[in-house]
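Me: Could you take a close look at one aspartate in this model for me, and then set a few other aspartates beside it? I'd love a connected walk-through rather than a list.

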Amino acid sequence: PLLARAGIDVVTLASNHITDQGVDALQETMDFLDDAGVRWFGAGMNLAAARKPARVDVRGVRFAFVGFNEIPGSAAAGPKKPGVAWLTAANVRASIAAARKGADVVIVVPQWAWPEYHAEFTARQRDQMKLFFDAGADHVIGHGTHWSSAISITEGDRGSRVVISSHGNFLFGQDWSRQTQEGVLPELTFVGTRLVQVRLHPYIVIDQAQPNLTAPTTDGKHVLQQVWSVSQLP
């Protein structure tokens, strides 16, 4: 209910900890989200459910979200096995193909970039970005490094497309470094289906898990520079 009251419409379950407490807890999580009216994707009681996109209609534009995990930890979903949609070529192609049916914009949300704690794109991520776009994705909003990491803005068949490697920690208490305590909230603005603006709102996590927005020209300048210094921009 707190997520719903905060205006969160859709969440990814494709993480490396979603099966830490077993299958019953995974089902309980999905039930709680359903009860609150929060859509979810990226995990399920079998592979078909984990591959299924979540759909959100925003002022007549139909968004579809799919998610994948490749960070060690969670169980990989199988035809009759609960778990997460693992980041494989077969899962990516199947999920994005399903998402494209009836969607105007398809956004991929991967937990990737192992090992953690770095800002640059890895060579593996660059191969995966090509896989996502070749399969029909429009944008990629990733996470998994615990740092705010590189972004890429390039031109595709359907206009500008953005990849965010990782936005950093948000509700997470890793207080041992500046990189794990400062992050960015990505804001994507669309005119119809066309991406026209990407803004990064910096924040700092205090008292373990309390994110607070910071001014981009003063306290937030450091994390923004961390992102820009490794990014691929037009």
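Reply: Asp-138 sits in the loop between helix 5 (123–135) and strand 8 (139–141). Please keep in mind that the model is predicted. With a relative accessible area of 8%, Asp-138 falls under the 20% cut-off, so Asp-138 counts as buried. What does its side chain meet there? One partner of the Asp-138 side chain is the side chain of Arg-100, joined to it by a polar contact of 3.0 Å. The side chain of Asp-138 also reaches a backbone atom, the nitrogen of Val-106, at 2.8 Å.

Now for the other aspartates, beginning with Asp-24. This residue lies in helix 2, a helix that covers residues 22–36. Is Asp-24 buried or exposed? Asp-24 is exposed, because its relative accessible area of 68% is over the 50% cut-off. Along the chain, Asp-24 and Pro-82 are 58 residues apart, while 9.9 Å separates their C-alpha atoms.

Asp-34 belongs to helix 2 as well. Its relative accessible area is 46%, which lies between the 20% and 50% cut-offs, so Asp-34 is classed as partly exposed.

Asp-24 and Asp-34 also come together in a wider feature: along with Glu-28, Asp-31 and Asp-35, they form a negative surface patch. To put the pieces side by side, Asp-138 is buried and its side chain has a polar contact with that of Arg-100, whereas Asp-24 is exposed and Asp-34 is partly exposed, both being members of the negative patch.

Key. Residues numbered from 1 in each chain as written. Predicted model: local features only at pLDDT ≥ 70, side-chain atom pairs only at ≥ 80, totals over all residues. Heavy atoms only, no water. Patch = residues over 30% accessible without salt bridge, like charges linked within 9 Å, V, L, I, M, F, W, Y side chains within 5 Å. Areas by Shrake-Rupley, 256 points an atom, 1.4 Å probe, with all protein chains shown as cover. Salt bridge = Lys/Arg side-chain N within 4 Å of Asp/Glu carboxyl O. Lys, Arg positive; Asp, Glu negative; His and termini not counted. Charge placed at Lys NZ, Arg CZ, Asp CG, Glu CD. Helix = DSSP H or I, 4+ residues; strand = E, 2+ residues; numbered from the N terminus. Buried < 20%, exposed > 50% of the residue type's maximum accessible area, 1.4 Å probe, protein only. Polar contact = N/O pair within 3.5 Å; in protein donor to acceptor, adjacent residues only side chain to side chain.
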